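Student: Please give me a close look at one part of this model. Build the picture step by step.

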Amino acid sequence: MLFFKLINSSFKRNLKIYIPYLISMTILVAINYIFKAVAVNDSLKSLPSASVTKALLETGSTFIILVTLAFMIYVNRFLWQQRHREMGLYSMLGMTSRNLQLLTILEKVYLFILSLIAGLLTGIIFDRLAFLGLSRLLRIDRLSQPWIEWSAVGNTIFIIGAFFILLMVIDLVKLFRLNPNELWHPASKNLRRHGKFFTFAGLMGAAALAWAYYLTVTVKPKISAISTFMFAVILVVVGTYLIFITGSIIVLKLLQKNKRYYYHPRHFIAVSGMLQRMEQNGASLATICLLCSSVLVILFTSITLYVGINDTVNSFAPKDINIISSQRLSAQQQSTIKEVANEHHARLGHSITFTTSAPQYGYWKNNRFVSQGGLQNMTNQTTSSVITMSTATYNQITGAHKKLGKNEALIYSPAKKRSGALQIGTQKYHATNLNHFNYYFNPSHSIYSPIFVITNNLPANNGTITVTGINYRLNGSRKAHLKFENDLQRRLGLSNLAYTSRTNIRSLLTGLYGGIVFLGILISIALGITTTVVIYFKQITEGYEDQYRFKTMQQVGLSEKETAKSIHSQVLMVFMLPVIGAIINLGFAIPAIRQILIQFNFYNVRLMIAIAVTITLILLCLYLLIYGLTTRMYQKIVTQA
């Protein structure tokens with residue numbers, strides 16, 4: 001009974017610590033449950049994109065589990081630092097080592113039960129809302145979710161329970177290693193000596209960031225783009241920690257050596273205060289920066305993909321039904337199309353047939369396209385394909401009246417604008433860029449961006465393909481459209497490479513990208529909660545550290561107002577560094593993300609910029625709101641007697 005009284009008493013005294021912790025744990029447990037509950041849903045298994053959706057949910061669940069573990073370890077370390085004196089006091093009052101261990105175990109069990117009950121209740125309540133959101137993103141109405149998924153409850157209890165046991169073991173090991181005197185008087189922090197290795201680490205951090213930014217800016221839209229981006233992410237993580245922990249201190253030390261600058265009263269307080277803060281909180285600031293960067297990149301990528309579905313669909317299927325063949329459709333095939341349309345009560349509309357050269361895959365070397373032949377000959381260098389169309393065909397399908405000279409060409413290259421003197425194979429052209437081309441498409445559904453070249457004649461020995469595009473009208477649901485399009489493909493006996501339909505492509509992309517957005521939102525919420533709590537505890541830590549500085553600065557002659565202004569300006573300056581770093585990271589990540597999205601046939605740069613600006617402004621507003629709320633707690637701690 002005594003132990004429970006001590007635990008309750010401790011909780012009441014430290015409400016400003018335990019309440020944010022329990023709220024955060026409640027949300028993280030709820031998100032873990034939601035991922036597990038959605039992943040085992042039976043109605044998702046019947047979707048065309050079921051395997052992809054399941055893989056996304058499993059990936060997201062694994063990531064959330066890791067985020068939860070990292071969060072619990074970080075907060076547990078903070079709680080241990082706050083409980084040092086309290087545990088020491090209990091020891092001085094006669095508690096044995098076993099008593100303290102039992103108290104620690106009971107405290108962890110207490111937190112586990114509260115977090116689990118509150119988290120599961122929240123997860124069960126919001127699970128249906130989350131599942132409704134997923135069905136809306138997937139644009140499917142027939143999905144259903146039971147009130148409680150018991151297997152998800154069991155998995156969540158097992159995972160969170162295992163993490164609390166791990167924290168319990170960590171705390172017990174710490175108790176075993178410490179004596180009562182160390183508990184009552186925690187070891188004071190020794191001043192760090194910054195030697196040559198420290199300077200070298202700072203330079204390595206700057207070099208790692210520079211290398212990462214160089215990779216993201218110069219990456220090409222080829223098969224290795226994703227792996228290059230992931231390597232750049234690793235470099236950013238390493239570089240960010242080194243810059244915040246060592247690089248910032250090196251800069252402040254250089255300012256400190258500048259006597260004229262440093263011994264100015266205003267600069268003296270600012271530099272010395274910033275130096276102390278960066279030494280104590282460099283790792284925390286780097287963590288906040290990387291968490292904010294992750295939120296920005298995840299939301300930017302997922303939302304861009306989902307909002308840009310129409311652009312991607314158009315690049316795969318300019319017409320409702322698109323057929324690629326070696327020659328024009330036979331009379332029998334045309335008759336079959338009419339037959340199937342009548343059976344499904346579909347009204348056939350405008351159709352078009354034209355011939356182009358077969359796609360030639362390769363890569364650009366300055367203004368020369370190096371052809372590697374067919375898709376089977378692609379290598380890690382392959383970035384795009386070239387499709388040639390005659391001027392007569394272009395004028396026929398667009399209604400234009402273009403006339404070109406012998407070596408003149410029009411070129412439509414949405415991934416990267418190209419014009420001027422170009423060489424494709426052995427043929428040299430003076431090319432004029434086209435800003436728009438209605439019949440742009442990707443005939444082989446490959447990850448390589450097609451480039452259309454319009455010339456007077458098709459190149460010899462490249463082979464040709466015939467493209468037939470058909471529009472239709474059908475009164476009915478998306479299911480009726482899918483049934484008609486799939487039935488037509490089956491009756492014509494065409495493969496997926498030879499036959500592409502808009503509804504099918506849209507359904508596939510909606511299932512894939514909708515799952516990515518759902519994943520991105522839940523992960524962003526988890527990262528946002530983690531970021532908020534890290535900021536909150538950082539403010540509390542700095543508040544206790546600034547109590548002494550606050551009094552000392554007043555004793556040397558500074559007024560209370562000047563002291564408060566100086567400390568708060570330093571806090572704001574340090575506080576803004578992570579979000580500025582996150583915005584810089586996103587800015588350099590966008591070129592690499594764009595090259596990856598090009599492989600998904602997405603080229604809308606304006607939409608990407610609009611989304612990037614929007615989510616950056618939203619994050620900045622939320623970040624400043626968090627600063628305002630946590631600063632109140634900081635001010636109370638600093639100014640209290």
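Tutor: A residue counts as buried when its relative accessible area is under 20%, as exposed when it is over 50%, and as partly exposed in between (1.4 Å probe, protein chains only). Keep that scale in mind, and we can look at the salt bridges and their surroundings. This is a predicted model, so local features need a pLDDT of at least 70 and side-chain atom pairs count only at pLDDT 80 or more, while totals for chains, interfaces and linings use all residues. Numbering starts from 1 along each chain as its sequence is written, and side-chain values use heavy atoms, with hydrogens and water left out.

Start with the count. The whole structure holds 6 salt bridges; each is a side-chain nitrogen of Lys or Arg within 4 Å of a carboxyl oxygen of Asp or Glu. The principle is simple. Side chains of opposite charge can pair when their charged atoms come close.

Take Asp 320 and Arg 502. They form a salt bridge, with 3.9 Å between the closest N and O atoms. This pair links distant parts of the chain, because its members are 182 residues apart. Asp 320 sits in the loop between helix 11 (309-316) and strand 1 (321-325). Arg 502 belongs to helix 15 (residues 502-555). (Helices are DSSP runs of H or I with at least four residues, strands are runs of E with at least two, and both are numbered from the N terminus.) Are these two residues buried or exposed? Asp 320 and Arg 502 are both buried.

Now compare that with Glu 343 and Arg 491. Their side chains also meet in a salt bridge, at 3.1 Å from N to O. Glu 343 is in helix 12 (residues 331-343) and Arg 491 is in helix 14 (residues 478-492), so the bridge ties together parts that lie 148 residues apart in sequence. Neither side of this pair is buried. Glu 343 has a relative accessible area of 44%, so Glu 343 is partly exposed. Arg 491 has 29%, so Arg 491 is partly exposed as well.

Some bridges share partners. Glu 107, Lys 108 and Asp 171 are joined in this way into one network. Look inside it. Glu 107 forms a salt bridge with Lys 108, and their closest N and O atoms are 3.9 Å apart. Glu 107 is buried, because its relative accessible area is 10%. Lys 108 is buried too, because its value is 3%.

Stay with Glu 107. Glu 107 lies in helix 4 (residues 97-138). Its side chain also meets the side chain of Tyr 18 in a polar contact of 3.1 Å. (A polar contact is a pair of N or O atoms within 3.5 Å; within protein, one must be able to donate a hydrogen and the other to accept it, and residues adjacent in sequence count only if both atoms are side-chain atoms.) So Glu 107 has a salt bridge to Lys 108 and a polar contact with Tyr 18.

Helix 4 also holds Tyr 110. Tyr 110 is partly exposed, because its relative accessible area is 28%. Follow the chain back to Asn 8. Tyr 110 and Asn 8 are 102 residues apart along the chain, yet their C-alpha atoms are separated by 9.7 Å.

Return to helix 14, the home of Arg 491. Which of its residues are buried? They are His 481, Leu 482, Phe 484, Glu 485, Asp 487, Leu 488, Gln 489 and Leu 492. A general point helps here. An α-helix has 3.6 residues a turn, so residues three or four places apart point the same way. Just after the helix comes Gly 493, whose phi is positive, near 70 degrees.

One of those buried residues, Asp 487, has a partner elsewhere. The side chain of Asp 487 makes a polar contact of 2.8 Å with the side chain of His 344. His 344 is found in the loop between helix 12 and strand 2 (347-357). His 344 is buried, because its relative accessible area is 16%.

Put these pieces side by side. Helix 12 and helix 14 are tied by the salt bridge of Glu 343 and Arg 491. Asp 487 and His 344 add a polar contact between their side chains. Glu 343 is partly exposed, whereas His 344 is buried.
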